[in-house]
Amino acid sequence: MTAPARPAPRRAPRGVSPLRWWRSRSVSLRFALVYGMVFVVSSLLFLSVVWWGTVGMMERRVQQAVTADAGALSDQWISGGLPTLARTIEERLEQNVDDDAIYLLVDPAGRVIAGNLTAWPRTITRADRWYQLQISRSGSRGVVVIHAFDLPERFRLLVGRDVRGRDILRRLLTDTLLWAWVMLTILAIGGTLLVRGLFRRIIHSITRTTAAIAQGDLGRRMAVTGSGQELDQIAITINDMLDRISRLMDGVREVSNAIAHDLRTPIARARTLLEDASLHARDPDELRAAIDTAVGNLDNITAVFEALLRIAQIEAGARRAAFTPFDLTPRLRDIAELYEAVAEERELTLAVHLSDTLPFYGDAALIQQAVANLLDNAIKFSPPGGTVTLTALLQPGRGGYGPRGRAVVISVRDTGIGMQPDELARASERFYRANTARDTPGSGLGLSLVQAITSLHGGELDLRQAQPGLEARLLLPCAPQGTAAMTQASSSPHAGDR
């Protein structure tokens, strides 16, 4: 009768390398397998070191005992000669309770003089090495470790130990360590499955959260157990990232709504003017006036988009390449002189208090733009007869700002209508305008631009009530060390002409 054919073993598809197969497995499986292999291999190495160390220690102890015993017998030969040595061997055999001592003393002809062996083993031919033999003694066979010693007058001596107990202990140790390795392997498999489960739980939690967010549920967050462990830290970090994304999405939505609301009116006005002029203009002058008004409205729209692009460019850090060390005082003095005429037209007083020198490292044009925006807002919202104050000084002792904690503090203060506390918190948002500023011209991007410039330079924008009016402060890190010479060069009388 023909035996049934065995199924062929499954093999990996041809052309698929083991590395590609490994990479095609899931990350959790690969991580768990690596963990299990490392655990099994490390336990095998540890147990092997224990086995070799224990067995080696037992062998060394046997050899040390034999060497010491042979040295003592050699002393007996020297002190009393052959009779004393033979008597000492017989006495030691009588006192050997464990019956593991091996002695044999023979004459030059090979005849036994003393000892518990019947004849000199034929395999022992040298006196400079250790031998492990199986011999018959007292009706039983055993394993012994023996060393031969040459005595004067061609006498020879064997000293050894029966190591049957050592072999039993070694087999017991080997079996114990093998079973321990088997148990450790089982524990490694269990740990592998546990690690894989934990890893998959993290991945699945992240996957579920991100999938829900991809489907539009922006409020979904990862669960936090509150234990403060690594898994919670991962969940907290991801939740913070999602909160940041949610805030950015809300900001984009608000900006989009603000753009649609603020640009709809001038676009509609320009269209109405052009349409009305096209239908009802009575002469070229009236038509040209309508076109000029529409162009002005469209220029305002263009200015809004240019401001948005400028803010985006600054927030992206594209202007850091233009950072240079310079003295900020002359640049602020130029801006103050420019706005002094504007303040006089509005019947305002512009008070300027600047330090003699303000070492700074950054983009001079952007800093001037930020201060100009603050002065423009202060003049715009101050009543006739009021005062706008521009102050810039070097303030030491602020931790985290510049070398040795120094900071350049630029303050613009007015005596105008001010802002409410809830409005101060949102003042730097794009297109945000306080209730008291709804009737004044503007797009609500001035403080957003100032905030972007300040963040680019690693500083802070601080808005606070001045009672009356509003105070806007820029806290900026001063120039880094090693730029003093360049700062002095930029603050020369002709620095503003370059």
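Okay, let's start with a definition: the bend at a residue is the angle between two fitted axes, one for the seven residues ending there and one for the seven starting there. By that reckoning, α6 has a kink of about 30°, centred on Tyr339.

Before I go on, some ground rules. What you see is a predicted model, where local features need pLDDT of at least 70 and side-chain atom pairs count only at pLDDT 80 or more, while totals for chains, interfaces and linings use all residues. Residues are numbered from 1 along each chain as its sequence is written, and side-chain values use heavy atoms, with hydrogens and water left out.

So, the overview. The protein has 10 helices and 12 strands; these are DSSP runs numbered from the N terminus, helices being H or I with at least four residues and strands being E with at least two. Of the 498 residues, 36% are buried. Buried means under 20% relative accessible area, exposed means over 50%, and partly exposed is in between, using a 1.4 Å probe and protein chains only. As for contacts (heavy atoms within 4.5 Å), take those with a separation of 6 or more: 61% of them join residues 24 or more positions apart.

Back to α6, residues 328-345. Does the length work out? Let me put that another way: what should its 18 residues span at 1.5 Å a residue? The expected span is 1.5 Å times one less than the number of residues, so that gives 26 Å, and the end C-alpha atoms are 27 Å apart, which agrees. At the start of α6, a side-chain oxygen of Asp327 comes to within 3.3 Å of the backbone nitrogen of Thr329. Just after the helix, Glu347 has a positive phi of about 60°. The buried residues of α6 include Leu328, Leu332 and Tyr339, and its buried residues pack against β6, β7, β8, α7, β9 and β10.Now for the core. A nonpolar core is a set of buried Ala, Val, Leu, Ile, Met, Phe, Trp, Tyr and Cys residues joined through side-chain atoms within 4.5 Å. The largest one here has 40 residues, and Leu328, Leu375 and Ile410 have the most contacts inside it. Among the elements that each supply at least two residues are α6, α7, β10 and β12. Which element gives the most? That's α7, with 10 residues. In general, nonpolar side chains tend to be buried together in soluble globular proteins. Leaving aside neighbours within four places in sequence, Leu328 is in contact with Leu358, Phe360, Ile367, Val408 and Ile410.

A few words on α7 itself. Its 17 residues reach 24 Å from first C-alpha to last, close to the 24 Å expected at 1.5 Å a residue. Buried residues in α7 include Ala364, Ile367, Asn373 and Leu375. At its start, a side-chain oxygen of Asp363 reaches to within 3.1 Å of the backbone nitrogen of Ala365.

Next, the strands. β11 and β12 pair in the antiparallel sense over six bridges; strands pair if DSSP finds at least two bridges between them. Leu463 stands opposite Ala472 in β12. Their hairpin has four residues between the strands, and Gln467 there takes a positive phi near 50°.

Last stop, Ser411, in strand β10. Is Ser411 buried or exposed? Ser411 counts as buried because its relative accessibility is 10%. The Ser411 side chain makes a polar contact with the side chain of Glu471, at 2.8 Å. A polar contact is a pair of N or O atoms within 3.5 Å; within protein, one must be able to donate a hydrogen and the other to accept it, and residues adjacent in sequence count only if both atoms are side-chain atoms.
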